[in-house]
Each structure stands twice: as structure tokens, then as C-alpha cells.
Amino acid sequence: MLKFNKDGKFGILLFGDIHEKPDYRESPKFRDMQKLMNASLDYYKPDLCVLLGDIFDTEICKENPEKFLEGINDLCLPMTSRGIPVAAIMGNHEHDPGCDEAVIGAYSKLGGVMMRCEGVPGKADYKELLYSSDGKRPLAALWFLDSNNLCDDERVSKYDWVHEDQIEWFEKESAKLREINGGEPMPAYIFQHIPIPEEYELLRRARPFEIPLSVEGFGKHGGKRYVKVPGASGYLGEGPCSPDFNSGQFESWKKTGGVKAAFFGHDHLNDFSGYVDDIFIAQHKTAGFRAYTDGCHSCVRYVEISEENPERFRQELKHFKDFGLRSESLGPVMRNFTDRQVMAVHSLNYCACAIACAGLLTYFVKEIFRKRRD
Ligand SMILES: [Fe+2]
Ligand SMILES: [Fe+2]
């Protein structure tokens, strides 16, 4: 049973897209990821950890299930050995080898780790109720949703989404929770791998002078450059890879009521967040060093829900370097730069270029006038 701690809080630590591989024992990248995991667990002492999908190479699960089990067990050890429960969700790569049942079975076999199919058969959608500190009543619901893999028809979308039957299950369960919550929607927090298309509402098209610091959109947003809207915070390092098709999941959250925040993985560089129609949307980047990153950017996100008002929460990001850690796997340059610093360097470069261009332009204009005068 998950319940608020004695301080009337419930802390959740998120680890995005770790992408660990079977050769992890010899890998400095694995050691770096474990350093981040251990440091963040000691710092935040969370009540729950969430693995946001794309966790461990699942091809090995098909070839050698025992080795896969050993790998995910070792990956989860910093959390399970501290007695902290872990909720694991399916990312697109968990679906890759086409042995979903074996993958879900392996995670659910690990002591202290959750992953199960509660609704639509074969989909790893489940929820956990968050009880009051005395354990007497449920005050909030945590939803762990399976956003599937790739779309069958690439002309529609590259990535898949949470399907209509899964949304139906969510709505039915939410209605039951509303009943036990005295007719009011139960505060809900969503954890899911592939982001919803509405994430683009936290972005806007870049103006010409913003193009150097913008990112190109993904899928149907391709060919256009984006920056964050003023209300959004965090880092935008790549075009969010949400599906092009909208299955109505966000509309369902608004209709059901109760959803306070949704946290997504899948994009390895992005950690921006903000409100869309009063629902907090947070894109969470990788906590690993295996996935594509551009330097010392790996980070964790801490979310703390309050028992006094379970509709309220606070959240923050903490990067590898913020814990005073030193990377073994990155080169001397990337080891010392976080994405914020890279962005600052980029901004300085662009400012320097802009000043230089303005200087040259002034010089040429002056020259033209001087020649005309002569
Ligand atoms: Fe990933
Ligand atoms: Fe992914």
C-alpha cells in the first residue's frame, strides 16, 4: 500500500529512458547512471520511484530471459535494496522484440517492482491508490500507462499512442474512484512514456531572430522551428516526439476531471514543463548515459504531493552535476557542461555574432557614405 509519509508528503523520483544494455557490468555509462540513482535516492529519500519506460534492452528478454531478469534486477537494486517501491512503465522499446508478456512478467517478478495489466489485456496499464498516512482512505491515484510502440501506418504517425480502449478503461476506473471520493474526481497523476500531442501547446513557432536557439519539430511539425511559450520552463533540446494522431487522451483527462499532472519520457533531451488547460505537463529527459544525449545532461525529477491537499504538488529537476558527481563515461569537455551551460554558451555565441554583424554593417554603411561624400 502506498501512503503519505509521517511528514504528510509523498515523494516520487522519476528516472527517464535509461536504455541500459546487457553488457552493463563493464560499462562506465552504467556506473554513471548508478551514481546518479544512488545520489538522488540519498538526497530525496523518495516514497516511490518511477521508471518512465525504455529501461533495459528487451531484445535480450527474447533470447535469454534469465539474463534480462538479472539485468533489470541489478538496475533496480539501488531502489529495491533501500526498500523503495518501484513502478515501471512500458516504453516503445519494451515492445520492440514483440514479447510483451515476457517483459511484463519479468518486471512483475522482481520484489518491490510493479508492472501489470489491469485493464485492456496485454497493455501494461495500472494504477495505485495513494492512501492517507494513517492508511484509512485513498486520497489520490497514480496512473501508469502503456503508450505502445510504433504506429502500424507510418503515414498516420511514426509513434503510437494510448488507444481508445485504454482510454475507456481509464474513464471507467476514474468513475469508480469518483464514487469512493464522495462524488468528486480523485486527484490523479499520470506517468506515461510517449508524450501526448498537446505537448506542442507548450511551444510556439520561432520568430526569425529566435531560429538559432530553436528546435525543429517532429512528425507533422517537421520543417518548422519551435521555442517554448513564455509560461513554460525547463530545457527544450529537440522536437518533442509525440504521435501525429490525437486519440483524445488529453480531452478525456479534462472530461474526467482530477488529473493534476502528467509526466512523460521518450525524448532524451527535453525537460520542459508547463500548464495546458490547468493540467501540468512535464517532459522528462534521460537519467542514463546510454541514450542519445549531448553531454552531462542526465537528470532526475522529484515530485512531492501533499497530504493536506493532494491536488497540490511541487516538483523539481536535479542534474548529475548538481549532485557533485563526476562522469566516468563522458569526455573532458562534455563531462563539464550541462545543457543549461551549453545553451548559455550558444546564446553568448549568437550575441557575439549579432554584435559582429552589426559592427560590420555599420562599417560598410559608413564607408558607402564616406565614398559618396568624397
Ligand atoms: Fe528512449
Ligand atoms: Fe521511447
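This passage walks through the domains of the chain, one of its sheets and a residue within that sheet.

The model is a predicted one. Its chain splits into two parts, with domain 1 covering residues 2-337 and domain 2 taking in 338-374. Going by C-alpha atoms, the centres of domain 1 and domain 2 sit 42 Å apart.

Now for the sheet. Six strands line up in the order E5-E4-E3-E2-E15-E16, and the sheet they make is open, with mixed pairing. At its edges are strand E5 (113-114) and strand E16 (313-319), each of which pairs on one side only. As a bit of background, strands in a sheet are held together by backbone hydrogen bonds and can pair either parallel or antiparallel.

A parallel pairing turns up between strand E3 (residues 48-51) and strand E4 (residues 86-88), which share three bridges. Within this pair, Val50 has Ala87 of E4 as its bridge partner. This part of the sheet also has a helix lying over it: helix H3, made of residues 65-80, lies across E3, E4 and E5. Relative to E4, helix H3 runs at about 145°.

Antiparallel pairing shows up with strand E15. Strand E2 (residues 9-15) and strand E15 (residues 299-306) run antiparallel and are joined by six bridges. Here Ile12 faces Val303 of E15 across the pair. E15 also pairs with E16, again in the antiparallel sense, this time over seven bridges. In that pairing, Val300 is set opposite Lys318 of E16. The link from E15 to E16 is a hairpin, with six residues making the connection.

What about a single residue in the sheet, such as Leu13, which is found in strand E2? Is Leu13 buried or exposed? Leu13 counts as buried because it has 25 C-beta neighbours inside 10 Å, the cut-off for buried being 20 or more. Leaving aside residues up to four places away in sequence, Leu13 touches Ser40, Leu41, Tyr44, Pro46, Cys49, Val300 and Tyr302. One of these contacts, Cys49, falls within the residues 48-51 of strand E3, while Val300 and Tyr302 fall within the residues 299-306 of strand E15. Leu13 can also be placed against a residue much further along the chain: Lys285 is 272 residues away in sequence, yet the C-alpha atoms of Leu13 and Lys285 are 13 Å apart in space.

Definitions and conventions
Residues numbered from 1 in each chain as written. Chains lettered and ligands numbered in written order. Predicted model: local features only at pLDDT ≥ 70, side-chain atom pairs only at ≥ 80, totals over all residues. Domains from an automatic or database assignment. Pairing = 2+ DSSP bridges. Helix = DSSP H or I, 4+ residues; strand = E, 2+ residues; numbered from the N terminus. Contact = placed C-beta atoms within 7 Å. Axes fitted to C-alpha atoms, helices over the stretch in contact; angles between N-to-C directions. Buried ≥ 20, exposed ≤ 12 C-beta atoms within 10 Å, placed from the backbone.
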